[in-house]
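Here are some exercises to work through with the model open beside you. Try each task before you read its solution.

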Amino acid sequence: MRDDIEKILIDEEVIHRRLDTMAARIEKDFPEDTLIAIILLKGALVFAADLLRRVPRKLEVECLNVASYHGGMESSGTVNFLDRHFPEVKDRHVLLLDDILDTGRTLRAVADRLIEEGAIKVHTAVLLSKDKARAEDVEADYVGFAIADEFVVGYGLDYQGKYRNLPYVGVLKQSAI
Ligand code: XMP
């Protein structure tokens, strides 16, 4: 797997140090027992597991399956909700966790749906934010790293379903695409 990586963009130690800082901010911003964390699968799985274990607050955790990339390197432009059950969020503060903010369509669509379902407020956290113009007017409240507009894998992010288990964020070699 390492042979397919052109360059490591953010290594594991740097990610973990940044998560310490993000978690400390989240802990400071929310009182005990007020939050429901919603993890967008599958991309935010690794990020959320490492971040939430650093937040020493009583909170609930739910997951949502949404798809916008369908395995490739380009967003399809539509966000599909894949679950039959939607988490109960009425009158709750939600911390929505995603791997990467790109066009903004995913965070916009999910945040709008959570508000429709009765959430008081949707706070958002992403590991990565691509430095680019968004299709939707949305920014995250907690951002791990701003990166250039290039396709990345690892630490939860995939290419055709693979590379999610790389412990760092990297860029694929042309030969692996
Ligand atoms: P939007 O465009 O909705 O994108 O903000 C969010 C979702 O798109 C996927 N995405 C990526 N996946 N490498 C990936 O593996 C990338 O560089 C990338 N950019 C966007 C991701 O699923 C994210 O949740």
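**Exercise 1. List the buried residues of α2, then say what they pack against.**

Step 1: α2 runs over residues 45–52; helices here are DSSP runs of H or I with at least four residues, strands are runs of E with at least two, and both are numbered from the N terminus. Step 2: pick out the buried positions, where buried means under 20% relative accessible area, exposed means over 50% and partly exposed is in between (1.4 Å probe, protein chains only). You should get F47, A48, D50, L51 and L52. Step 3: look at what surrounds these buried residues, and you find α1, β2, β3, β5 and β6.

Before you go on: this is a predicted model, with residues numbered from 1 along each chain as its sequence is written. Local features need pLDDT of at least 70, side-chain atom pairs count only at pLDDT 80 or more, totals for chains, interfaces and linings use all residues, and side-chain values use heavy atoms, with hydrogens and water left out.

**Exercise 2. Find out what D50 touches, leaving aside its neighbours within four places in sequence.**

Step 1: D50 sits in helix α2 and counts as buried because its relative accessible area is 13%. Step 2: search for contacts, meaning heavy atoms within 4.5 Å. With those neighbours left aside, the search turns up H16, L19 and Y155. Step 3: check the side chains for a polar contact (a pair of N or O atoms within 3.5 Å; within protein, one must be able to donate a hydrogen and the other to accept it, and residues adjacent in sequence count only if both atoms are side-chain atoms). The D50 side chain makes one with the side chain of Y155, at 2.5 Å.

**Exercise 3. Describe how α1 and α2 cross, and which residues meet there.**

Step 1: fit the axes, which are lines through C-alpha atoms, for helices over the stretch in contact, with angles from 0 to 180 degrees between N-to-C directions. The axis of α1 (residues 12–29) comes within 9 Å of that of α2, and the two cross at roughly 60°. Step 2: the crossing is right-handed, which means the near helix is turned clockwise from the far one by less than a right angle (anticlockwise would be left-handed). Step 3: on the α1 side you have H16, L19, M22, A23 and I26, and they meet F47, D50 and L51 of α2. Step 4: sort the residues of this contact, and they come out as six nonpolar, one polar and one charged. For the sorting, Ala, Val, Leu, Ile, Met, Phe, Trp, Tyr, Cys and Pro are nonpolar, Asp, Glu, Lys and Arg are charged, and the others, Gly among them, are polar. Step 5: keep the helix repeat in mind: an α-helix has 3.6 residues a turn, so residues three or four places apart point the same way.

**Exercise 4. Work out the strand order of the open six-stranded sheet and what packs on it.**

Step 1: strands pair if DSSP finds at least two bridges between them. The order is β4-β3-β2-β5-β6-β7, with mixed pairing. Step 2: β4 and β7 (142–147) are at the edges with a single partner strand each, so one side of each has no neighbour in the sheet. Step 3: β3 (residues 60–67) pairs with β4 in the antiparallel sense over two bridges, and V66 has F81 of β4 as its bridge partner. Step 4: add the helices. α1 packs on the sheet, touching β2, β5, β6 and β7, and its direction makes about 150° with that of β7. Helix α3 (residues 105–116) packs on the sheet too, touching β2, β3, β4, β5 and β6, at about 165° to the direction of β5.

**Exercise 5. Place D83 and find its side-chain link to a backbone nitrogen.**

Step 1: D83 is in the loop between β4 (80–81) and β5 (93–101). Step 2: D83 is partly exposed because its relative accessible area is 30%. Step 3: not counting residues up to four places away in sequence, D83 touches L64 and N65. Step 4: the D83 side chain reaches the backbone nitrogen of N65 at 2.6 Å.

**Exercise 6. Spot the backbone oddities at K42, D91 and Y163.**

Step 1: recall that most residues other than glycine have a negative phi, and most peptide bonds are trans. Step 2: the peptide bond from L41 to K42 is cis, with omega near -5°. Step 3: D91 has a positive phi of about 60°, and Y163 has one of about 80°. Step 4: D91 is exposed at 53% relative accessible area, while Y163 is buried at 10%.
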